[in-house]
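I am opening my notebook on a structure that is new to me. Come along and look things up with me, one entry at a time.

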Amino acid sequence: MAETRRLFFALQLPKEVQQQIIQWRATQFPEETGRPVAAENLHLTLAFLGDISAEKQQALSLLAGRIRQRGFTLTIDDAGQWVRSNVVWIGPRHAPLGLIQLANMLRAQAARSGCYQSPQPFHPHITLYRNTTRAVAIPPPGFRWQFKVEAFALYESVFKQGRTRYQQLQSWSLSN
Ligand code: 2AM
């Protein structure tokens with residue numbers, strides 16, 4: 001069988017925002033909340049591709065490189081828990097149009113290339129905890145991280161020695 005890699009398109013967070021989020025997380029949630037996502041793994045997924053071949057990766061990279069879109073400002077000011085997927089997340093209360101357009105374009109390209117896309121609408125989020133088996137008290141609004149998004153990237157999810165690491169393979173700038 002041809003070798004495959006587990007890939008997804010996502011937005012990287014600025015390093016200082018990653019650090020601020022994990023500091024905030026440590027003060028807001030008890031230790032037993034769930035499995036915390038490592039600072040360097042915090043990201044916002046645009047389109048999940050699944051396990052795909054090198055040929056499909058190349059085709060999707062080519063299509064991604066043809067996207068012409070301006071950058072946008074992202075404000076992270078909302079949080080919640082999804083009980084079905086057992087995660088606690090943060091995200092934008094109002095997703096900017098640029099974010100929705102970018103994700104929809106990548107998801108449509110992925111679907112046309114045969115990568116299953118969930119029928120659920122895109123709900124932009126950054127997963128903070130996984131395996132949250134109990135109801136978690138979500139901190140009241142009052143946090144807010146804002147940054148300019150000027151690029152998006154293709155990531156590989158690598159599982160090694162019991163740990164998942166997201167490795168950036170390629171990135172594309174959003175024109176200003
Ligand atoms: P999540 O954070 O909500 O779990 C890499 O796994 C990234 O792709 C994660 O951000 C994950 O979102 C997202 N993703 C979306 N659909 C997925 C799926 N069916 N399986 C695994 N990850 C998925």
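**Entry 1: A pair across two strands**

I began with Ile90 and looked for its bridge partner in β7, which turned out to be Ile126. I should say early on that I am reading a predicted model. Ile90 and Ile126 made me curious about the strands around them, so I looked there next.

How many bridges join β6 to β7? I found 3 bridges between β6, which spans residues 87–91, and β7, and the two strands run antiparallel. I then noted the sheet they belong to, an open one of 4 strands in the order β2-β7-β6-β5, with antiparallel pairing. Its edge strands are β2 (35–36) and β5 (78–82), each of which pairs on one side only. I also looked for a helix here and found α1, residues 15–28, lying across β2, β6 and β7. Helix α1 runs at about 40 degrees to β7.

**Entry 2: Another sheet**

I moved on to an open sheet of 4 strands with the order β3-β1-β9-β10, again noted as antiparallel in its pairing. At its edges I found β3 (43–53) and β10 (163–173), each pairing on one side only. Neighbouring strands of this sheet are turned by 25 degrees against each other on average, direction ignored.

I went through the pairings of β1 in turn. Strand β1 (residues 4–12) is joined to β9 (residues 151–160) by 4 bridges, and these two strands run antiparallel. Within that pairing, Phe9 has Leu154 in β9 as its bridge partner.

Two helices pack on this sheet, and I wrote down both. Helix α2 (residues 54–65) touches β1, β3, β9 and β10, and its direction makes about 145 degrees with that of β3. Helix α3 (residues 97–112) touches β1, β3 and β9, with its direction at about 5 degrees to that of β3.

I then turned to β1 and β3, which are joined by 9 bridges and run antiparallel. In that pairing, Arg6 stands opposite Asp51 in β3. Is β3 enclosed or open to the outside? I noted that 8 of its 11 residues are buried, so β3 is largely enclosed by the rest of the structure.

**Entry 3: The nonpolar cores**

Which residues of the largest nonpolar core touch the most other members? That core has 43 residues, and the answer is Phe9, Leu11, Leu46, Ile90 and Phe152. I was pleased to meet Ile90 again in this group. As a reminder to myself, nonpolar side chains tend to be buried together in soluble globular proteins.

I followed Phe152 further, not counting residues up to four places away in sequence. Its contacts include Phe9, Leu11, Leu46, Leu102, Leu106 and Trp172. There is also a second, separate core of 5 residues, and Phe8, Ala10, Ala153 and Tyr155 are among them.

**Entry 4: Around the ligand**

Which residues surround the ligand? I listed Arg6, Phe8, His43, Thr45, Phe48, His125, Thr127, Arg130 and Tyr166. Arg6 is the residue I had seen opposite Asp51.

I looked up three distances to oxygen atoms of the ligand. A polar side-chain atom of Thr45 lies 2.6 Å from one. For His125, a side-chain N or O atom is 2.6 Å from a ligand oxygen. For Thr127, the distance from a side-chain N or O atom to a ligand oxygen is 2.5 Å.

**Entry 5: Two positive phi angles**

Most residues other than glycine have a negative phi. I therefore stopped at Asn131, which is not a glycine yet has a positive phi of about 55 degrees. Asn131 sits in the loop between β7 (126–130) and β8 (145–149). With a relative accessible area of 45%, Asn131 is partly exposed.

Gln161 also has a positive phi, of about 50 degrees, and is not a glycine. I found Gln161 in the loop between β9 and β10. Is Gln161 buried or exposed? At 79% relative accessibility, Gln161 counts as exposed.

**Entry 6: A buried loop residue**

My last stop was Thr33, in the loop between α1 and β2. Thr33 has a relative accessible area of 6%, so it is buried. A polar atom of its side chain lies 2.6 Å from the backbone oxygen of Pro30. Leaving aside neighbours within four places in sequence, Thr33 is in contact with Val88, Tyr129, Asn131, Thr132 and Val136.

Conventions:
Residues numbered from 1 in each chain as written. Predicted model: local features only at pLDDT ≥ 70, side-chain atom pairs only at ≥ 80, totals over all residues. Heavy atoms only, no water. Pairing = 2+ DSSP bridges. Axes fitted to C-alpha atoms, helices over the stretch in contact; angles between N-to-C directions. Contact = heavy atoms within 4.5 Å. Core = buried A, V, L, I, M, F, W, Y, C linked by side-chain atoms within 4.5 Å. Buried < 20%, exposed > 50% of the residue type's maximum accessible area, 1.4 Å probe, protein only. Near = heavy atom within 4 Å. Polar contact = N/O pair within 3.5 Å; in protein donor to acceptor, adjacent residues only side chain to side chain.
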